[in-house]
Amino acid sequence: MKSEKLFQYFLKSGGILILMMAIGIVATLIMGSIPTFKEFGFKFIFSSNWNPTEGRESYGALPFIIGTILTSVLALIMTFPFAFSIALFLGEYFKEGRMASILKSMIDLLAGIPSVVYGLWGFYTIKPWIVELGLNAQGFGIFTSSLVLAIMIIPYASSLSAEVINMVPANLKEAAYSLGATRFEVVKNVIIPNAGSGIFAGYILAFGRAIGETMAVTMLIGNSNQIPSNLFDLGNTMASLIANQFGEAEGLKYTSLVAMGLLLFIITGILNLAGKMIMKKITA
């Protein structure tokens, strides 16, 4: 009886600790960003000017919000066909065997590679390819970083989706086969409807990973503080801006970068909340 109470106390303490940490992070970001919002108000969110020149300081988050959304959404679009195909391959078509084992190992390996390695690979492989195709004179930009980012998030989307697909009850699939359904029809009418919420959750996880990615994107996006005019233009993301400039920032620039972190936190939270609401509608 004592051990059970002790275990319950341990679980409650862990939950409270996580809650306090989240509150502490939000409080720190809010307190640190107050001077920026006092100076610029909510124009900080919609302004496209980022000028750290002393005496003419002006900061706006809009180019970096747009850059973050563009790279993340484009990466997710690129990821979908590959991640979904891998998930079906591992979750339904080839659950066991040497081929499945090799593919699972490769996916785990991709998930464990540091982002700076992806950035270096993109710099020496993807960037020259972009230049040769004439898509961008320098090879950097939104498209280049999104392409590498898409490869980075494939393991997150495919692994969870494969597990959910594998959990679809066998009797439902067997019933469909007994009625003469083909493998494609079983996937379309049985697996996807039953595993839809879990598959969607995998892509929400991958999207969150893409939004917060820093190093690989920083190395490939071009780090321009202007709103990109097209998908092949140079740009910047919120995470990349913070990583590039936080070490040397002070005064109003420092608080503006903290405010950028607060906005990134809010955007991530809104996306997660929206994802959960969509999942509830799918499962309803």
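**Exercise 1. Serine 256**

Task: In this predicted model, determine which helix holds serine 256 and whether the residue is buried or exposed.

Solution.
Step 1. Serine 256 belongs to helix H11, which covers residues 252–283.
Step 2. The relative accessibility of serine 256 is 0%. The cut-off for a buried residue is under 20% relative accessible area, and serine 256 therefore counts as buried.
Step 3. A polar atom of the serine 256 side chain lies 2.8 Å from the backbone oxygen of leucine 252.
Step 4. Beyond the residues up to four places away in sequence, serine 256 touches Thr36, Phe40, Phe44, Trp50 and Tyr59.

**Exercise 2. The aromatic residues**

Task: State how many aromatic pairs the structure holds, and explain why the pair of phenylalanine 37 and phenylalanine 44 is classed as it is.

Solution.
Step 1. The structure holds 11 aromatic pairs.
Step 2. In the pair of phenylalanine 37 and phenylalanine 44, the ring centres are 5.7 Å apart and the planes stand at 75 degrees. Planes over 60 degrees apart count as edge-to-face, so this pair is edge-to-face.
Step 3. The two partners are then examined for exposure. Phenylalanine 37 has a relative accessible area of 21% and is partly exposed, whereas phenylalanine 44, at 0%, is buried.
Step 4. A second pair is formed by phenylalanine 123 and tyrosine 124, with ring centres 5.0 Å apart and planes at 80 degrees, so it is also edge-to-face. Phenylalanine 123 is partly exposed, with a relative accessible area of 29%, and tyrosine 124 counts as exposed at 60% relative accessibility.
Step 5. One aromatic cluster consists of Phe40, Trp50, Tyr59 and Phe64. Among the contacts of serine 256 from Exercise 1 are Phe40, Trp50 and Tyr59.

**Exercise 3. Helix H8**

Task: Compare the span of helix H8 with that of a straight helix of 30 residues, and locate the kink in H8.

Solution.
Step 1. Helix H8 covers residues 183–212.
Step 2. At 1.5 Å a residue, a straight helix of 30 residues would span 44 Å.
Step 3. The end C-alpha atoms of H8 are only 38 Å apart.
Step 4. H8 has a kink of about 65 degrees, and glycine 196 is at its centre.

**Exercise 4. Annotated regions and the model**

Task: Identify the residues that UniProt annotates as "transmembrane region", and describe the chain over residues 9–34 and 64–90.

Solution.
Step 1. The unreviewed UniProt entry gives the annotation "transmembrane region" to residues 9–34, 64–90, 102–124, 136–157, 191–211 and 254–274.
Step 2. Over residues 9–34 the model is 100% helix and 0% strand, with 37 Å between the end C-alpha atoms.
Step 3. Residues 64–90 are likewise 100% helix and 0% strand, and their end C-alpha atoms are 37 Å apart.
Step 4. The unreviewed entry also places "domain: ABC transmembrane type-1" at residues 65–275. Over residues 65–275 the chain is 78% helix and 0% strand, and the end C-alpha atoms are 19 Å apart.

**Exercise 5. Serine 178, glutamine 138 and asparagine 223**

Task: Establish where serine 178, glutamine 138 and asparagine 223 lie, and whether serine 178 is buried or exposed.

Solution.
Step 1. Serine 178 is in helix H7, residues 170–178. Its relative accessibility is 60%, so serine 178 counts as exposed.
Step 2. The side chain of serine 178 reaches the backbone oxygen of alanine 175 at 2.6 Å. From serine 178 to alanine 137 the C-alpha distance is 58 Å, for a separation of 41 residues in sequence.
Step 3. Glutamine 138 occupies the loop between helix H5 (115–132) and helix H6 (142–166). With a relative accessible area of 45%, glutamine 138 is partly exposed. Neighbours within four places in sequence aside, glutamine 138 contacts Lys127, Val131 and Leu234.
Step 4. Asparagine 223 lies in the loop between helix H9 (215–220) and helix H10 (238–245). Phi of asparagine 223 is near 55 degrees, a positive value in a residue other than glycine. Asparagine 223 is partly exposed, with a relative accessible area of 30%.

**Exercise 6. The whole chain**

Task: Describe the protein chain by its helices and strands, its spans and its buried share.

Solution.
Step 1. The protein chain has 11 helices and 0 strands.
Step 2. Along its principal axes, the C-alpha trace spans about 75 × 65 × 30 Å.
Step 3. Of the 284 residues of the protein chain, 40% count as buried.
Step 4. Of the contacts between residues at least 6 apart in sequence, 70% join residues at least 24 apart.

Key
Residues are numbered from 1 along each chain as its sequence is written. Side-chain values use heavy atoms; hydrogens and water are left out. Helices (H or I, at least four residues) and strands (E, at least two) are DSSP runs, numbered from the N terminus. Buried means under 20% relative accessible area, exposed over 50%, partly exposed in between (1.4 Å probe, protein chains only). A polar contact is a pair of N or O atoms within 3.5 Å; within protein, one must be able to donate a hydrogen and the other to accept it, and residues adjacent in sequence count only if both atoms are side-chain atoms. Contact means heavy atoms within 4.5 Å. The expected span of a helix is 1.5 Å times one less than its number of residues. The bend at a residue is the angle between axes fitted to the seven residues ending there and the seven starting there. UniProt positions are given in the numbering used here, feature names are shortened, and annotations may be inferred rather than shown by experiment. Rings of Phe, Tyr and Trp (its six-membered ring) pair if their centres lie within 6.5 Å; planes under 30 degrees apart count as stacked, over 60 as edge-to-face and the rest as tilted.
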